[in-house]
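Visitor: I would like to go through this structure with you, taking its sheets before its helices. Please show me the sequence and the coordinates before we begin.

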Amino acid sequence: MTDAPLLELDKLSTHFVTARGTRVVKAVDEVSLSLRAGETLGVVGESGSGKTTLALSIMRLLPTAARIVGGGLRFAGEDLLAKSPSEMRHIRGKRIAMILQDPMASLNPLFTVGDQVAEPVRVHEHTGRRSARDRARSLLKAVKIPAPEQRLREYPHQMSGGMRQRIVGAIAMACEPRVLIADEPTTSLDVTIQAQYLKLLRDLQREHGLALIFITHNLGIVARMCDSVAVMYAGRVIEAGPVRTIFNAPVHPYTQALIESIPRLGGGPSRLTAIDGQPPDLASLPAGCSFQPRCPRALDRCREEAPGITTVAPGHTARCWLAAK
Ligand SMILES: Nc1ncnc2c1ncn2[C@@H]1O[C@H](COP(=O)(O)OP(=O)(O)O)[C@@H](O)[C@H]1O
Ligand code: SF4
Ligand SMILES: [Mg+2]
């Protein structure tokens, strides 16, 4: 794990421009991250903070209204922003794969599970029908689907939510990608199935030395799953570092509030501390620090000037004037 980063984002920015070009939403705003093989990075933040747009930017699979407007994106030493759409098609699925937020959106109701799991293998590896089928069977085994032979012949609607999520995981793993991005993969699952799925992802990650980007709004999951964490707020990474550091010594008031809001073991919901105020509207952010209207520790300066990135300790960065002091 001491080699060069596998994936590197350098001040990557992705904007949405509204139909008449009148409003710009900076959904990803100068995000810098790096990830090594075998490492798990958690990306946390409230809904609307830019997590999915960040993932889709890495895949270069953005909706038409969105554009990567600046910064760098490198994978295995290559400049992904310089790749043509057809070169990206070869990289996507095969070398960088993503598990979408909604498993049903990734599965076609009209095709059998077997066809859908075999598809990426056939497309990327030009494998014949029979051996793609064998691969599909072993992939279903790898994601711990009982009776894989029978399941291969079934359709998505014949399966439970947990099972479908595993199928989506199998499709993502089909070509043994080096980077796997899982976008809130457990939101629709109940707690037991959720725990099983997380363990499965963790096992796959360990076995294959995957770099895993795990997107969630649940910091508790990050604590269990990840090596490092990036906290997003209003399109920016406002604090990042090793999980242990972020949990033990968060410096950004937003991270502190998020950590406070994790239900403690044995503590009921009454121990949840909600963060006061509204999540920001990315189309009209306040001047200065975007967290300032909700920040209990805001200084005069915070209303006027946005803080830059401060290195708190090696590998630990924050965007907050308190850290810059
Ligand atoms: N299709 C879209 N058109 C315009 N703006 C969008 C679109 N999708 C997302 N956005 C904007 O980008 C922001 C980030 O969205 P998203 O990346 O989905 O956040 P998250 O995954 O953290 O919930 C949203 O707050 C919204 O303002
Ligand atoms: S820069 Fe100021 S407003 Fe923003 S999080 Fe830090 S203290 Fe709060
Ligand atoms: Mg999202």
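Visitor: What is the strand order in the open sheet of 4 strands?

Guide: This is a predicted model, and what follows should be read in that light. In the open sheet of 4 strands the pairing is antiparallel, and strand 2 (24-35) and strand 5 (78-79) are the edge strands, each pairing on one side only. Read across the sheet, the order is 2-1-4-5.

Visitor: Which residue of strand 5 stands opposite Phe 75?

Guide: Strand 4 (residues 66-75) pairs with strand 5 in the antiparallel sense, over 2 bridges. The residue of strand 5 that stands opposite Phe 75 is Glu 78.

Visitor: At about what angle does the direction of helix 1 stand to that of strand 2?

Guide: Helix 1 (residues 51-59) packs on this sheet, where it touches strand 1 (7-17), strand 2 and strand 4. Taken against the direction of strand 2, the direction of helix 1 makes an angle of about 65 degrees.

Visitor: Why is one side of strand 6 and of strand 11 left without a neighbour in the sheet?

Guide: These strands belong to an open sheet of 8 strands with mixed pairing, whose order is 6-7-8-3-9-10-12-11, and from one strand to the next the twist averages 20 degrees. Strand 6 (96-99) and strand 11 (310-313) stand at the edges, so one side of each is left without a neighbour, each having a single partner strand.

Visitor: What is the bridge partner of Thr 311 in strand 12?

Guide: Strand 11 and strand 12 (residues 316-318) run antiparallel and are joined by 3 bridges. Within strand 12, the bridge partner of Thr 311 is Thr 317.

Visitor: Which strands does helix 11 touch?

Guide: Helix 11 (residues 253-260) packs on the sheet, and its direction makes about 110 degrees with that of strand 9. The strands it touches are strand 3 (40-44), strand 9 (228-233) and strand 10 (236-242).

Visitor: Is helix 4 roughly parallel or roughly antiparallel to helix 7?

Guide: The axes of helix 4 (residues 113-125) and helix 7 (residues 161-173) come within 7 Å and cross at roughly 25 degrees. Angles under 35 degrees count as roughly parallel, and therefore helix 4 is, relative to helix 7, roughly parallel.

Visitor: How many residues of the contact of helix 4 with helix 7 are nonpolar?

Guide: Helix 4 contributes Val 113, Gln 116, Val 117 and Pro 120, while helix 7 contributes Ile 167, Ala 170 and Ile 171. With no charged residue and 1 polar residue in the contact, the number of nonpolar residues is 6.

Note on methods
Residues numbered from 1 in each chain as written. Chains lettered and ligands numbered in written order. Predicted model: local features only at pLDDT ≥ 70, side-chain atom pairs only at ≥ 80, totals over all residues. Axes fitted to C-alpha atoms, helices over the stretch in contact; angles between N-to-C directions. Parallel < 35°, antiparallel > 145°, perpendicular 65-115°, else oblique. Contact = placed C-beta atoms within 7 Å. Nonpolar A, V, L, I, M, F, W, Y, C, P; charged D, E, K, R; others polar. Pairing = 2+ DSSP bridges.
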